[in-house]
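Hi everyone, thanks for making room for me today. Could you pull up the structure on your screens so we can walk through a few spots together?

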Amino acid sequence: MTSARQLPGIVLASATLAASSAALPVPAAAEAVAADRPRIGLVLGGGGARGGAHIGVLQVLEDLRIPVDCIAGTSMGALVGATYAAGADAGEITELVSGIDWSATLGTAGQRAQLPMQRKLAGITYSNNLQFMVSRGRLRPDPGLLATQNVEQLLRLLIADARAIDDFDALPIPFRAVATDLVAGEVVVLDSGDLSVAMRASMAVPGAFAPVTRGEQVLADGGLLRNLPVRVARGLCADVVIAVLLEQPAGDPAALGSLLALAGASLDAMIRANELAQLETLGEADIVIRVLTGDIGPAQFERVPETIPLGEAAAREQQAALARLSLPESDYRAWREAVGRGPTAEVELSAIRFLSLERANEEWLRSRLRMKPGERVPLAVIEAEMGRLFSSADFSRVDYRLIDADPPGSRILEIDAVERPGSQNFVRFDGGIAASSGGDVLFTLSADHRREWLNPRGGQWRNAIQLGQESEIATFLYQPLDVAQVFYVEPGLRLTRSFEDVFDDGDRIARYDLRQAGALLDAGINIGDALRLRTGLRWGHASAGINIGDSALPETRRSREAAWTLGAVLDTRDTAFLPTSGTFAQLEYISSGSGLGGEQRYSAVDAVIGHAIPWQGHVLQLAAGAGGKLGGELPPWRQFQLGGVRSFPALERGELRGEGYWSGSATWLQRVADIQTVFGQVLYGGISLQAARVSGRIDGVREGSVYGGALFLGGRTPVGPLRLSLGIASQDNVMLHLALGRPVSESSLLDKLW
């Protein structure tokens, strides 16, 4: 029985299969063992993560030597049932399912490492993964909040070679999956086609996953109409039905105090009703195994291993009833051998080909593959490569087929990269807020547009607008020079305005109005998916005027600037916000002078590095940075600054400002609460220590190094990254910072680390 109360509309929950009254052929495996025994149909109900209990039931059936002649399943029931029908035994399924990384399958864990460098850097400041497609003048969201690529990869791996069997009656154990046709509002029994697609359709919770389209049908979670498909198994083969029902304790009436809770309870009631209708069709010879799953919610996939012993215990309670279906050892062994599968062999690739693509370049995708014709490749490697291709462009999914070829035993890998329908244009929105006990309340709102595949080499046009502490209008044209997108040029135009506070020995005395407008031209090299080297030119105008406060501070009125830049970025972090593993490093050099037509003469260098080390649920983050002028006089918009929740949490944003700096920090984080672990939404608490020094300070203070510490609470939440810190510095500063969502810039490379 599925509990939707625990699914705020975006998670796997119940799923589905359905009814059929047509009698189908007797399974060959059953005929081979004993013609006079009753045929046994196994029904596995929906329940999201709780469906792991089905594996425990299978373990007991095998221990009792009970054969299964056909299977009908829903959601996780379909996942477990199809894997068993494909020939895996209970031990193999236990190992497979227990080894699943659900945060990678349902969430985004591990996906960032597969992003090409341009995509990785373009999304580095975004606090969410939501994007809209522009189609016929309208913004169109994805049909599901969660990408299905990794789910489909998992399903294909679970069934292995059985995916080549189109007729589900021809599987080692005949199988049926059930979905709901959202167009007709009817139950659909899936009995043929791609087995992994049937499983996916059965698990397509509306709003969480995109439905599966089949002809005129739009297929989604079958639990909406039939969460326990008893009649399907009866019509397929069953003289005796073993039905596995997943149950939770009754809900608390006091918890139904919101619209969301009421909507979830209504869905629960609908699912319970269709389950009861199916249970009423059971006869005296049939067996119901009721699995009480306690407080394990349908979205808590990290707890799937806990459900397996619950299913085993529930089946043991029915051992007396089940025992009458046992076979003698020799007969059962013969049945198991008839339906079992051997180890999946490596695939020898004779060729790799792509189905037609509308926009993406086949040669670009081919350059992303790390396998070649003539190699022998495990299925797991093929699936991993499909994930790399999925991350390479705007695909809704990347599928493949293995086709028999010459010489015998070799296969052609045919890749179907399905591009997102409609436009090449995509839009993202984001926002964030930062506040401090010193009086700052800052915000940022942003919108980003990009147009993909302007030409066969992957040209990309990006436009951005941002309002807040730092406002910006910008446009860039990223143009790879080769098909593999190793070399590129990127011209652009940018207009920015920011308000920067100036402090005198900790006291806020003025606010600068900094304005810059100019053109840029970069050229660079992408080395793999983690390193970019670039050089470039900048031309434009800049000004720094006093907006509020002390007019005696230096000002610069509309100065012409022309500069040469050099930079490098290394990024292997698992996420741009509060990473738990990986490294980020950035180097920036700039030289401005009259040789390029500029009025400002200076040169400066800035470099930062941070490394996150995971250890038994803890995270150690180490960071360092240093920068300074190499010559000339830095204008106000090029000065280095420290202070803020990321760069130095014991200080106000930009409290220390000058011509050079160094900084070092260490942060120890302990996981304190799970919000949605599968989606990487975890809260950490911890402590950090910092040391820094700013030279040539604008306030003229000749102070030595500053030391500080901070208590920290932060993590990734459903509304974006959260940071809350209480910092104390050696000059008696005490500062409370709060940041939520898109980071408000602290005008320092250090604020890019975490």
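Let's start with the lining of the second largest pocket, where H7 gives the largest share, 5 residues. Before we go on, please keep in mind that this is a predicted model.

How many residues line the second largest pocket? There are 19, and those that lie nearest the centre are Thr-105, Asn-150, Gln-153, Leu-154 and Leu-157. Helix H7 covers residues 149-159, and helix H5 (102-105) and helix H15 (379-392) join it as elements that each supply at least two residues of the lining. If you think in terms of chemistry, the lining breaks down into 9 nonpolar, 8 polar and 2 charged residues. The space inside comes to about 410 Å³. For anyone new to this kind of calculation, rolling a probe the size of a water molecule over the atoms shows where empty space is left.

Now, on to the sheets. A quick reminder: strands of a sheet pair through backbone hydrogen bonds, either parallel or antiparallel.

Here is an open sheet of 4 strands, with mixed pairing and the order E12-E11-E14-E13. Strand E12 (376-377) and strand E13 (395-405) are at the edges; each has a single partner strand, so one side of each has no neighbour in the sheet. Further in, strand E11, residues 347-354, pairs with strand E14, residues 410-419, in the parallel sense over 6 bridges. If you want a pair to click on, Ala-351 has Ile-412 in E14 as its bridge partner.

Next, please scroll along to strand E28, residues 660-676, which pairs with E25 in the antiparallel sense over 11 bridges. One pair to find there is Ala-626 with its bridge partner Trp-662 in E28. E28 is also joined to strand E29, residues 681-695, by 15 bridges, and these two run antiparallel. Here you can look for Thr-667, whose bridge partner in E29 is Ser-688. The hairpin of E28 and E29 has 4 residues between the strands, and Gly-680 takes a positive phi near 70° in it.

My last stop is His-618, which sits in strand E25, residues 618-632. Is His-618 buried or exposed? Its relative accessibility is 17%, and the cut-off for buried is under 20%, so His-618 counts as buried. Leaving aside residues up to four places away in sequence, His-618 touches Ile-613, Trp-668, Leu-669 and Gln-670.

That's my tour, and I'm happy to take questions!

Technical notes: Residues are numbered from 1 along each chain as its sequence is written. This is a predicted model: local features need pLDDT of at least 70, side-chain atom pairs count only at pLDDT 80 or more; totals for chains, interfaces and linings use all residues. Side-chain values use heavy atoms; hydrogens and water are left out. Buried means under 20% relative accessible area, exposed over 50%, partly exposed in between (1.4 Å probe, protein chains only). Contact means heavy atoms within 4.5 Å. On a 1 Å grid over the protein atoms alone, a cavity is a set of points where a 1.4 Å probe fits but cannot get out, and a pocket is an open set with protein on both sides within 12 Å along at least five of seven lines; lining residues have an atom within 4 Å of a point. Grid points are joined across faces, edges and corners, and a volume is the space filled by probe spheres set on the points. Ala, Val, Leu, Ile, Met, Phe, Trp, Tyr, Cys and Pro count as nonpolar, Asp, Glu, Lys and Arg as charged, and the others, Gly among them, as polar. Two strands pair if DSSP finds at least two bridges between them.
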